[in-house]
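Work through the exercises below with the sequence and the structure open beside you. Try each task on your own before reading its solution.

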2 protein chains.
Amino acid sequence: MAQFTIKDLARKLGVSPSTVSRALHDHPDISEDTKRRVVAAAEKYHYQPNLIAQSLQKKSSTTIGVIVPEIRHHFFSTVISGIEEVAYEAGYIIMVCQSNETLAREIVNTQALVANRVAGLLVAISTETTRYDHLKSVLKRGVPLVQFDRVVEELETSKVVIDDYSAAYEAVMHLVRSGYRRIGHLAGQEGIALNRHRFEGYRAALADSGLAFEEKFLVPGGYREEDGRRGAEVYLAMDELPDAILAINDPVAVGAFSRFREAGVRIPEDVALVGFSDTPAAALIEPALTTVYQPAFEMGRTAATLLLEQFVTEGRFTPRTVTLDTELLVRGSSRPKGAAWA
Amino acid sequence: MAQFTIKDLARKLGVSPSTVSRALHDHPDISEDTKRRVVAAAEKYHYQPNLIAQSLQKKSSTTIGVIVPEIRHHFFSTVISGIEEVAYEAGYIIMVCQSNETLAREIVNTQALVANRVAGLLVAISTETTRYDHLKSVLKRGVPLVQFDRVVEELETSKVVIDDYSAAYEAVMHLVRSGYRRIGHLAGQEGIALNRHRFEGYRAALADSGLAFEEKFLVPGGYREEDGRRGAEVYLAMDELPDAILAINDPVAVGAFSRFREAGVRIPEDVALVGFSDTPAAALIEPALTTVYQPAFEMGRTAATLLLEQFVTEGRFTPRTVTLDTELLVRGSSRPKGAAWA
DNA sequence: ATCTTTTTCGGAAACGTTTGCGGTGTCGTT
DNA sequence: AACGACACCGCAAACGTTTCCGAAAAAGAT
């Protein structure tokens, strides 16, 4: 019932608690013989070290905190999977919180994780997050922090991102090469760096192709399927549809996709579609969605790795930002204009 | 840099640490006046209680552990989302581990969580898990445990599940009513209770419909898309295909779906398909997949709620198992035999 | 004015570890 | 024979809280 502690073990063996502790940690001051006895006894009595006590004394825990907008989203759960993977290998365990895209909850979450004395923090900010006091305070406390995906650039932390600008640029270039000319963009909120970068890549590609940027074809929204549907709605109300659309992510693309289909708009004959890979569903719709593949799992792995590195670099440490490669997966939804059905 | 503790606060205020602690917890022994002073000072110096120390002294933490086969799977990440939701509301934070479907890692995970002195444990076992010593040991230590989805029935814990038997039964009945007669089953491993129940529901529905159970149409496999593809392969090698298939879950159904399509087999004209809802992709394929909807988010919520309830019921407590309702979402992939295209 | 009650607080131990420091005992060297 | 070196281990403090047990001061009762 009550906990079996190191003291109990010591009593059973007739040695001191310090000896037990040292034996368990393979300290050189302890003879091989007693080490064996201690380990054997620990085994026998199912001794389980109390990590809480250990953390208190060491002033640092063996858990790392993770904050994401929503756990259930495919992209983030994949990232978390990656994080857990390397955390596990390194003997850490992860505490996961979701902000539900609200700043208030994100703040509560960071406080809770700090209160739990996590060794470090991995965060992707919410869409509402335009003030960063909570993150700055984490930094000031000296808690290692690395941002991923949704990062705030002016914060001096390690970051892992994709090259949103180039990815969007390439996606649009692909559309242009495929014969599309009136290319719209289902964008995200302007505040988020990621969204801005994708927009800028989109715009630059238009410019570099000698195409005009049409304000009305830029329709901002959120990250979810319903936002895509709403966006499609906006396009449908226009005199003339764009002939291609770059969506801020897959759910939005899929939402637009189904709304368009309902309206009898053919993909890609009437309008081509390109997304950013948040979901495996993209490959299954008909025609399959052309999409920018984002290495979510790998993003989680590297973010965690960066954090672990920061743990060991005592004292002076310089933030690194690693940019992961994306890949444009060309599929049916952006078939060259006028091409026959596959 | 160094931590600002309750002692520091006490020193600043010229009172004892005990007084500060009591003031912060609104203890009646403390005058309103000093309470105000303490709270104000705590605010001023950004005092953050050390939950680690608190846990050590209280001998119980405010974190709950979660173990799932794989975080990245849509079903489980949705469950986790639900868990986090109610945990958050109750002031708990969750530690999440994945077993990667291996028993070894599941064992390590439970030990790590116990070592971290979680207040309770929420687990869905791996496919490999046929011995339960690690879970029994958790129980013996008196750590509250509730199982969800993949449960081991002989363990005396609260459980939250769906009625797999009935769900499979209804799904097959639906197929029969739609005119299908040679109904196959892409099953999971036999060891898992959940798989067995679905199989039994399937078999009972056949029997009650006066249809013969054909051994060869039962093809066991795993939970992933590739298992579905492999299963389709098996069917394709037969002289005669089944005219409908109940898949153990959506990924498997989707896998079979795409393999069949590659082989020129039409869905549902040549073979109808029904899945168990693990993924949103089911609604997007063409034709859309008929599937048994499982309330994953709700499952997470109730599992966490059950655990929280168990926290307060000191002493005598009787395990409850709650069965969540499913719903058969009838879509194109099981269109009545011979019916025209929508 | 003394005694009892109440209010308000402090001392100290405890939760389970780790670790600096010091203390034995043994052995080899001179 | 004496001394240093070394191997091995125990004491006690510390990590930041909470809480039992009193104790002092204030208030009320007689």
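**Exercise 1. Find the buried residues of helix H12 of chain A, and then work out what they pack against.**

Solution. Keep in mind throughout that this is a predicted model. Begin with the residues themselves: in H12(A), the buried ones are A:Ala296, A:Met299, A:Gly300, A:Thr302, A:Ala303, A:Ala304, A:Leu306, A:Leu307, A:Gln310 and A:Phe311. Next, place the helix in the chain, where H12 covers residues 296-312 of chain A, 17 residues altogether, and reaches 25 Å from its first C-alpha to its last, close to the expected 24 Å. Finally, look for the partners of these buried residues, which pack against helix H5 (74-89) and against the strands E1 (63-68), E3 (120-123), E4 (145-148), E5 (158-162) and E11 (321-324), in chain A.

**Exercise 2. Explain why A:Cys97 forms no disulfide.**

Solution. Start from the whole structure, in which a search over all chains finds 0 disulfides. Then consider the distance: the cysteine sulfur closest to that of A:Cys97 belongs to B:Cys97 and is 14 Å away, which is too far for a bond, because a disulfide requires two cysteine sulfur atoms within 2.5 Å. Now take the view from the partner, where B:Cys97 is likewise in no disulfide, its nearest cysteine sulfur being that of A:Cys97 at 14 Å. To complete the picture, check the surroundings: A:Cys97 is buried, with a relative accessible area of 2%, and B:Cys97 is buried with a relative accessible area of 2%.

**Exercise 3. Describe the protein surface near DNA strand C, and identify polar contacts to the bases and to a phosphate.**

Solution. First, list the neighbours: 29 residues surround DNA strand C, and the closest are A:Ile6, A:Ser21, A:His25, B:Thr19 and B:Arg22. Sorted by character, the residues of this surface comprise 16 polar, 7 nonpolar and 6 charged.

Second, ask which helices supply them. At least two residues each come from H1 (6-13), H2 (17-24) and H4 (51-58) of chain A, and from H2 (17-24) and H4 (51-58) of chain B, while H4(A) gives the most, with 4 residues.

Third, turn to the DNA side, where 62% of the strand C atoms within 4 Å of the protein belong to sugar or phosphate, and the rest to bases.

Last, examine individual contacts. A side-chain N or O atom of B:Ser18 is 3.5 Å from a base nitrogen of DNA strand C, and a polar backbone atom of B:Gln57 is 3.3 Å from a base oxygen of that strand. For the phosphate, a polar side-chain atom of B:Lys59 lies 3.3 Å from a phosphate oxygen of DNA strand C.

Methods
Residues are numbered from 1 along each chain as its sequence is written. Chains are lettered from A and ligands numbered from 1 in the order in which they are written. This is a predicted model: local features need pLDDT of at least 70, side-chain atom pairs count only at pLDDT 80 or more; totals for chains, interfaces and linings use all residues. Side-chain values use heavy atoms; hydrogens and water are left out. The expected span of a helix is 1.5 Å times one less than its number of residues. Buried means under 20% relative accessible area, exposed over 50%, partly exposed in between (1.4 Å probe, protein chains only). Contact means heavy atoms within 4.5 Å. A residue is near a molecule or strand if one of its heavy atoms lies within 4 Å of it. A polar contact is a pair of N or O atoms within 3.5 Å; within protein, one must be able to donate a hydrogen and the other to accept it, and residues adjacent in sequence count only if both atoms are side-chain atoms. Ala, Val, Leu, Ile, Met, Phe, Trp, Tyr, Cys and Pro count as nonpolar, Asp, Glu, Lys and Arg as charged, and the others, Gly among them, as polar.
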